Structures are given as C-alpha cells and as structure tokens.
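Open your viewer and keep the selection tool at hand. We will go from the ligand to the domains and end with some backbone details.

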Amino acid sequence: MATQAVTQSSYDQVPYPSLPIRSTHPDHIASIAAMFGMAPASPDACRVLEIGCADGANLIPMAASLPNSQFIGVDLSAAQVALGQRVIDQLSLKNVTLRQLNVMDFGAEYGVFDYIIVYGVYSWAPHEVQDKILDICSQQLAPNGVAFISYNTYPGWHMRGAVRNMLWYHTRQFEDVQTRITQARALLHFLAEAAPKIGKDADQQAYSIALDSEEKRIAKQSDSYMLHEHLEEYNEPLYFYQFAERIEKHDLQYVAEVEISSMTPDVLPKDVAQTIGRLGSSVVATEQYLDFVRNRMFRQSLLCHKGIALERTWGIDLLHKMHIASPLKPLSEKPSILSPLNERFRGPTGTVVSSSNPLNKAAIIYLSKIWPNAVKFDQLLREARDRSQSVASVEADAQMLGDTLLKSLVVDLIELHLYQPRFVIEISERPLASVIARWQATYEERVTNQRHEAIEVDGLMRAVLNYLDGQHDRAEIVRLLADILTQELEPESKDGKTLEQVLEAELHDIARAALLVA
Ligand SMILES: C[S@@+](CC[C@H](N)C(=O)[O-])C[C@H]1O[C@@H](n2cnc3c(N)ncnc32)[C@H](O)[C@@H]1O
C-alpha cells in the first residue's frame, strides 16, 4: 500500500498531460477486432472501462461522440479525477463517470464491459496491480469484448532502461519532485557529454550514441514524462512472449496490435521477412522475432477471451464488411487516370507509392477526394471503374482493386472501419461542429475531432468553431467575425480575397479535420 501512496501523490503533484488516443477509441478497436474475425459490440451502444484514466482527456471526448454508450474511468489520482469531473459537469455529460479508485478495489459491482482500455498503466504498476488488470480483463470483459493494453517492451527498452536506472539511482536522494526532474535532466546531460565520443571500442561508441539520442529525445519531452517514465518506482518492460504467457494464465488471448503495419514482416527486406516467416512457428513467435528485429520498445495490444476463433488471413470478403478510407494524396495537382503514366501518392508519414494502373489510380484519387470519409467497397469499385472507363469484367476489377487495397492495408495506407464515421465533410448552410470541439475551442489550443485525434487550432479556427452551433449561417459568421477575418485577409489582399472566401477556406479545413457533425 505504501507504493500506491507514492503513485497517487506523484500524479497528484505532477499530473500526466493526457490526450485523446485514437487507437483506444471503440471505433478503432472494433474495426481491428472485426478484421481478425471477431464480432465486437457496436461503438454506438457499448460499455467502456478505462483503467488509469487520469483526467479523462481520452474518455470524455469518446463519451461526447457516443452518447448512447456508457463510459467509466478509474484513477488513483484524486486531483486528476477532479479536473476531469469539472469538464464532465461543464459539458453536462450523463454517460461518463470518473472515479478516484485504486484499481485493486475494482469489483464485480461495476459489471461487464465491451471494451477495456489500459493505456500507459500496465508497465508502470507493481505486479499485484498488473495481475489485477488482467483479472479484470478476464472476469469483466463481455464474451465478445476486447481489451486494449499498452506496455513497454524489450529488447528496445534495454538501453532506455539503463538510462532510467542511472537517473533513478541519482535522483532517489531528493525528496522534492521538481528537484528530481531537474537533477535527472542534468545527470543525463552530464553523462551524454562525458561518454567518450570517439575511440576504437565499439561498445563504448554504442553507449555514447545511445546516451546522446536519449538526451535529445528527452529534451523534447515534458517534465511529467521524465517523472512518470523514468523516475517512478515502477517501470517494468517485458518481452512480448512473457506478456503472452501472462495473458494466457488469465484465459485471455492475443488478437492483434492496433497498428496493423507493425504485425507484418512484409514491410521488411525480403530475406528478413522470409527468415522471420521460417522462425515464427506461431503468432506469438512471429511477433517476438519482429520485436527482436525492430528493437521494439512499446506495444498496444488487443486481447480477447481464449475460446474465440480468430481469423488471421484476409481476402476480399473482409473488404466487403468494412468501410474504406485512405489518407494518400496525389503528388501531382492534376493526376491523370487514363494515361499509362505513373502517378505518385504520399501517405501521412511521407511514404510515397506509385501506380500506373488506371483502376487503382482512380480508386486512390477518389478516396483522397473524400478523405477522411470512408466508402463501402462496392461503391469504391463503381467509382473507380467509371473514372477509369474500365472495360474489364466487374469480377476482374474487384480482384485487382481488392488485392491493391489489402496490400495497402498492411502498410497503413488505407484504413478499414467497421462503422461509418460519425462526421460529415459536406458543409451545410448552418454548419455544426461537435459539442466537444466547440467547448475545447473556447478553452484550449487543441480540440478532439470525430476521429478521436487531437487537432491543433489557431485563433481563427477557434473563433469560427465557436459559431458552428447549427444556428449561424455564413453571412452571420462573417458579420460576427469580421475583425478576425479581416486580419487574416491582409497578407492575402493582393489576391483579392473576400471575407466570405476566407471563411469558406476555414470551413473547408474544419470539415477536413473531421470536426463537423450532421
Ligand atoms: C502514465 S499515466 C497514464 C494516464 C492515461 N491513461 C494516459 O495515457 O494519458 C498512469 C495513470 O495510472 C494511474 N494509476 C496508477 N496506478 C493506479 C492504480 N493502482 N489504480 C488506478 N489508477 C492508477 C495514475 O494515477 C495515472 O493517472
């Protein structure tokens, strides 16, 4: 119990700046679970538990966007829970409850859950808490329920762990939290400088490079990160196979990672992928060898009950079940569909792919036009066939497009959604932004969109969002925001833009950021 008090006070003193985490949203979890053959509960009518919910920054926007679902968050830190409760009260949300509670005291009275989220807690808690978390997942997950657990992993954490151990050793002599953080940064700087940079000894060089890179990485991180990741008493990384053994003991099984691309050896050089294919005699073994190759440090794993039959090979039938979206953008301003020329498309992380095939080009261009919206496979096929003036049979085109989409899926260049996204990209006469986005735009510099992402918003976007309550048309918004729109206009005045055009461009950005609802 003494250790729990330490955790409680450290998060009370230096709260964790929590954010919406897209991969934990029931929409995202349900989509991945469905890809692996599960029949998860609809996000529109589900029960969700978040263990270690901090100030509810993850759970509250979910509750606001899914009013018919129920959300419960528990956290040890009274200060963080109180912060979240104030937001819930201001938004008058009735479907989310945050409780100051040690998860060790969580019991059957809370019922069963379709989704259990445990982000940033498992590795950072003592063994009895880790065990209790898996117990809750085992006992209080609905039959088709899915649990999400993130944790630090080896081998990646070996080097980072060495740094953590040194910082922890040095700072344990200090009581005051702020002094510990300052001292930790100072020691890391000293070590990075002190380690010999040049020399014949390869081990020494590797050590110096690792210290340097850790110092640079941590320099960009908040004090809260430094404290809770490196200076807390607990931070236990583990190998994936060890995690798999633990969940097995709780009658749970591994479904998948939330980033599909991390599960496929196919993105690695061919000979590496082939060797992993030979070594990986099971899903767990393949994942483990992938971690060895990638020096993996962190996992976000989905789990379900042991008895559920999972599907691990994908065919075109999967695409028929889902809605398809793609963040790819053509590099050319006027990409050509009909010419046999190669067109190049860029993904959100900079990956560039190309195709000269008219059907594929037409499909990607169509998806880029409607992004972040999603469509069913049949509609995408129709659009692509029309735009590419295809004369091939529907079956042949379906096969070709299906193969392309499945290949793009494993490198994260398309998204599959089990349910239609709940935002609109068409801008209505009196546009309506989500309640949470409007509320956050009043108080914060980041708003949560309907894809459960934190979006940075500038002064103009914040001001416009405030008036997107479904009551104001464009003329009224221009009148109400004339001053701020005029400021925006000045650098552009040579282009002869009007205030109406500035507003229209802003509304377009807001719609594309998935902030508008029907
Ligand atoms: C690193 S923070 C992560 C917060 C949040 N999930 C996020 O990712 O933003 C860990 C959280 O777990 C909470 N926590 C730690 N041990 C706990 C326990 N035994 N019971 C309930 N909450 C606990 C802490 O108070 C803290 O808010």
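## Around the ligand

Start by selecting helix α1 (residues 2-13), which gives the most to the shell around the ligand, with three residues. Helices here are DSSP runs of H or I with at least four residues, strands are E runs of at least two, and both are numbered from the N terminus. Keep in mind that this is a predicted model, where local features need pLDDT of at least 70, side-chain atom pairs count only at pLDDT 80 or more, and totals for chains, interfaces and linings use all residues. Residues are numbered from 1 along each chain as its sequence is written, and side-chain values use heavy atoms, with hydrogens and water left out.

Now show the whole shell: 19 residues surround the ligand, and Ser18, Gly52, Asp75, Gln80 and Tyr119 come nearest. A residue is counted as near if one of its heavy atoms lies within 4 Å. Colour the shell by type and you get nine nonpolar, eight polar and two charged residues. In this scheme Ala, Val, Leu, Ile, Met, Phe, Trp, Tyr, Cys and Pro are nonpolar, Asp, Glu, Lys and Arg are charged, and the others, Gly among them, are polar.

Which atoms of Asp75, Gln80 and Val103 should you label next? In Asp75, pick the side-chain N or O atom 2.6 Å from a ligand oxygen. In Gln80, a polar side-chain atom sits 2.9 Å from an oxygen of the ligand. For Val103, go to the backbone, where an N or O atom is 2.9 Å from a ligand nitrogen. The protein buries 96% of the 590 Å² that the ligand exposes when taken alone; these areas come from the Shrake-Rupley method with a 1.4 Å probe.

## Between domains

Next, colour domain 1 (2-153 + 237-305) and domain 2 (157-231), two of the domains in the assignment, whose bounds come from an automatic or database source. Their C-alpha centres are 28 Å apart. Domain 1 brings 14 residues to the contact and domain 2 brings nine, with contact meaning heavy atoms within 4.5 Å.

## Backbone details

Most peptide bonds are trans. Zoom in on Tyr154 and Pro155, joined by a cis peptide bond with omega about 10°. Pro155 is in the loop between β5 (141-152) and α6 (157-171). Then select Trp371 and Pro372, where the bond is also cis, with omega near 5°.

Note on methods
Polar contact = N/O pair within 3.5 Å; in protein donor to acceptor, adjacent residues only side chain to side chain.
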